[in-house]
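I sat down with this structure to look up its pocket, its surface and a few loop residues. My notes follow in the order I checked things.

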Amino acid sequence: MLKKGTKLYSILTGSCPKCHEESMYLDNNMYNLSSIFKMHDHCSHCGTKYKIEPSFFYGAMYVSYGVGVAVAVAAFVLSYLIIGSSLKTSFIAIVGSLIVFMPVIMRFSRNIWINFFIKYDPKALKNPSNK
């Protein structure tokens, strides 16, 4: 299920969406908040430019909203419906989960956004004209 050549692989690993060989980010640790948005300019294996145009990743904010809502709904269902907490405790669980998972949501949103526009190419590494 999670193998090279799938969008899910690129989204979950943060690897280049075209060749899946290299991480797009300078620091793979999502919780290093000082470098959460720092990315390579190009893939060193296939030459793919990550920032396709200026402000390209502003669109990831819309994806981030959807992912954040999914996390909030999951926290509510888990705390209120499954565990049986009060509404106040469930609200605290939602806010806490959004704070804890904020770096994950931001990275996954960027990964999802770039995978909308760039597809996997198994021949990307073999083509020297990409570099």
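Before placing any residue, I fixed one term: a helix here is a DSSP run of H or I with at least four residues, numbered from the N terminus. I also noted that the model is predicted.

**Entry 1: nonpolar surface**

I started with Tyr-65. Tyr-65 sits in helix H2. Is Tyr-65 buried or exposed? I read 62% relative accessibility, so Tyr-65 counts as exposed, the cut-off being over 50%.

Next I looked up the patch that includes Tyr-65. Tyr-65 joins Val-69, Val-73, Val-77, Leu-78, Tyr-80, Leu-81, Ile-82, Ile-83 and Leu-87 in a nonpolar patch on the surface. Together these residues have about 1,000 Å² of accessible area. Which helix gives the largest share of the patch? I found that H2 does, with nine residues.

**Entry 2: largest pocket**

I then turned to the largest pocket. I noted a volume of about 210 Å³. The lining has 13 residues, and the closest to the pocket centre are Phe-37, Phe-57, Ala-60, Met-61 and Arg-110.

Which helices each supply at least two lining residues? I wrote down helix H2 (60-83) and helix H4 (102-117). I also sorted the lining by class: seven residues are nonpolar, three are polar and three are charged.

**Entry 3: the loop between H1 and H2**

I moved to the loop that holds Ser-35, between helix H1 (7-13) and H2. Ser-35 has a relative accessible area of 8%. I call Ser-35 buried because buried means under 20%. I also checked Ser-35 against Tyr-25, ten residues away along the chain. Their C-alpha atoms are 8.7 Å apart.

His-20 is in the loop between H1 and H2. What is the sign of phi at His-20? I found a positive phi of about 60°, although His-20 is not a glycine. The relative accessibility of His-20 is 2%, so I logged His-20 as buried.

Ser-55 is likewise found in the loop between H1 and H2. Phi of Ser-55 is near 60°, a positive value in a residue other than glycine. I asked how to class Ser-55 at 47% relative accessibility. The value falls between the 20% and 50% cut-offs, so Ser-55 counts as partly exposed.

**Entry 4: recap**

I keep three points. H2 supplies nine residues of the nonpolar patch, and H2 also supplies at least two residues of the pocket lining. In the loop, His-20 is buried, whereas Ser-55 is partly exposed.

Notes. Residues are numbered from 1 along each chain as its sequence is written. This is a predicted model: local features need pLDDT of at least 70, side-chain atom pairs count only at pLDDT 80 or more; totals for chains, interfaces and linings use all residues. Side-chain values use heavy atoms; hydrogens and water are left out. On a 1 Å grid over the protein atoms alone, a cavity is a set of points where a 1.4 Å probe fits but cannot get out, and a pocket is an open set with protein on both sides within 12 Å along at least five of seven lines; lining residues have an atom within 4 Å of a point. Grid points are joined across faces, edges and corners, and a volume is the space filled by probe spheres set on the points. Ala, Val, Leu, Ile, Met, Phe, Trp, Tyr, Cys and Pro count as nonpolar, Asp, Glu, Lys and Arg as charged, and the others, Gly among them, as polar. Patches are made of residues with over 30% relative accessible area and no salt bridge: like charges are joined within 9 Å, nonpolar side chains (Val, Leu, Ile, Met, Phe, Trp, Tyr) within 5 Å. Accessible areas come from the Shrake-Rupley method with a 1.4 Å probe; for residues, only the protein chains shown count as cover. A salt bridge is a side-chain nitrogen of Lys or Arg within 4 Å of a carboxyl oxygen of Asp or Glu. Buried means under 20% relative accessible area, exposed over 50%, partly exposed in between (1.4 Å probe, protein chains only).
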